[in-house]
Amino acid sequence: MGIQLKNASQIAKLREANLVVADVLDILEGVAKPGLTTWELNEIAAHRLKQLKAESAFLGYHDYPAVLCTSVNQVVVHGIPRKDVVLKDGDLLSIDFGAFKDGWCGDSARTLPMGKVSPAAQALVDATRESLERAIAACVVGNRLGDIGSAVQSHVEPLGYSVVQQFVGHGIGRRMHEEPNVPNFGVKGRGLRLSEGLVVAIEPMINAGGAEVFVEEDGWTAVTKDGSLSAHFEHSVAITRNGPLVLSRP
Ligand code: MF3
Ligand code: CO
């Protein structure tokens, strides 16, 4: 396939898809609280998606069974919403959501503290969110892919956290996963040159402990090997001549 650069009207379509994603994430952020199940969140998302006349990017993707990924505490990504997972005070809940609108895909994720979380958990969330902001700031024409990964890595590693390497961000467009892979690690000045019209989903997954991840028997749920907490933020970002355009920012 190769890398598919997007023109302004295609980026406008991607913006619409990502506004659907942001709308749903905003609703979920408003309602997610201790006592709810992750399955209830999935139902709320599916209902809103229908109202917005959009389709899930996740449901049925390699047989994935839900519209959301809900990853709690030591779950890094791809947690499957369940009726028996009841959110509790102090949990870190990562919600990942993707949608198609008019044939274009949006993809974004946020980690939300449930009730009152420990200072250590809050610090991990803040560092992960900030690492994504720094990666977005590196999305400038002429920079390189390594500048994005390095922005994440150089922010979180000095704080004692680890960057998950087993999963990476991706190009996004008419398909959820396009070239190139967008790792959350790398060397400044190395790798693919970022050009105008490249659209990427950047999604740092940061562990409080070691980087190693283990995928459970369901084939999806990715957990930290050492049981440490993990956080995840994702934005879809267009690289334009005027700098980074965060398509999934409401
Ligand atoms: N944001 C994730 C990704 O880009 C979510 C995919 S979950 C899946 O890979 F269920 F669709 F696989
Ligand atoms: Co993604």
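**Cores, sheets and a cobalt site**

In the largest nonpolar core of this predicted model, which has 28 residues, the members that touch the most others are Cys-139, Ile-148, Val-200, Ile-202 and Ile-206. A nonpolar core here is a set of buried Ala, Val, Leu, Ile, Met, Phe, Trp, Tyr and Cys residues joined through side-chain atoms within 4.5 Å. "Buried" means under 20% relative accessible area, "exposed" over 50%, and "partly exposed" in between (1.4 Å probe, protein chains only). H3, helix H4 (145-156), strand E9 (199-202) and E14 each supply at least two residues of this core, and H3 gives the most, with seven residues. Helices (H or I, at least four residues) and strands (E, at least two) are DSSP runs, numbered from the N terminus. There is also a second, separate core of 22 residues, with Leu-49, Leu-52, Ile-95 and Met-114 among them. In general, nonpolar side chains tend to be buried together in soluble globular proteins.

A few words on the ground rules. Since the model is predicted, local features need pLDDT of at least 70 and side-chain atom pairs count only at pLDDT 80 or more, while totals for chains, interfaces and linings use all residues. Residues are numbered from 1 along each chain as its sequence is written, chains are lettered from A and ligands numbered from 1 in the order in which they are written, and side-chain values use heavy atoms, with hydrogens and water left out.

Back in the largest core, take Ile-202. Not counting residues up to four places away in sequence, Ile-202 touches Leu-132, Ala-135, Ile-136, Cys-139, Ile-148, Val-182, Asn-184, Phe-233, Glu-234, His-235 and Val-237; contact means heavy atoms within 4.5 Å.

One name on that list, Glu-234, turns up again at the metal. The cobalt ion (ligand 2) has Asp-107 (OD), His-170 (NE2), Glu-203 (OE) and Glu-234 (OE) as its protein donors, and they lie 2.0 to 2.3 Å from it. Donors are N, O and S atoms within 2.8 Å of the metal (3.2 Å for Na, K and Ca), and water is not among the atoms, so sites may look incomplete. Along the chain, the donors of the cobalt ion follow the spacing D-x62-H-x32-E-x30-E. His-170 sits in strand E7 (residues 169-171) and Glu-234 in the loop between E13 and strand E14 (235-240), so this pair ties together parts that are 64 residues apart in sequence. Both His-170 and Glu-234 are buried. As for geometry, the angles among the six donor atoms run from 66 to 171 degrees, and the site is irregular. To count as octahedral, six donors need opposite ones over 155 degrees apart and all others between 65 and 115; four donors are square planar by that same rule, or tetrahedral if all angles lie between 85 and 135 degrees, and anything else is irregular.

Next come the sheets. Two strands pair if DSSP finds at least two bridges between them. One open sheet has three strands in the order E6-E10-E13, with antiparallel pairing. Its edge strands, strand E6 (162-163) and E13, each pair on one side only. Strand E10 (residues 205-207) is joined to E13 by three bridges, and Ile-206 stands opposite Ala-231 in E13. Helix H3 (residues 119-137) lies across E10 and E13, at about 35 degrees to E13; axes are lines fitted to C-alpha atoms, for helices over the stretch in contact, and angles run from 0 to 180 degrees between N-to-C directions.

Ala-231 itself belongs to strand E13 (residues 230-232) and is buried, with a relative accessible area of just 1%. Leaving aside neighbours within four places in sequence, its contacts are Thr-111, Leu-124, Val-125, Thr-128, Pro-204, Met-205 and Ile-206. Ala-231 and Met-205 are 26 residues apart in sequence, yet 5.7 Å apart in space, C-alpha to C-alpha.

Strand E4 (residues 92-101) and E5 pair in the antiparallel sense over ten bridges, with Phe-97 opposite Ser-108 in E5. These two strands form a hairpin with two residues between them, and Asp-102 in the turn has a positive phi of about 50 degrees. Nine of the ten residues of strand E5 (residues 104-113) are buried, so the strand is largely enclosed by the rest of the structure.
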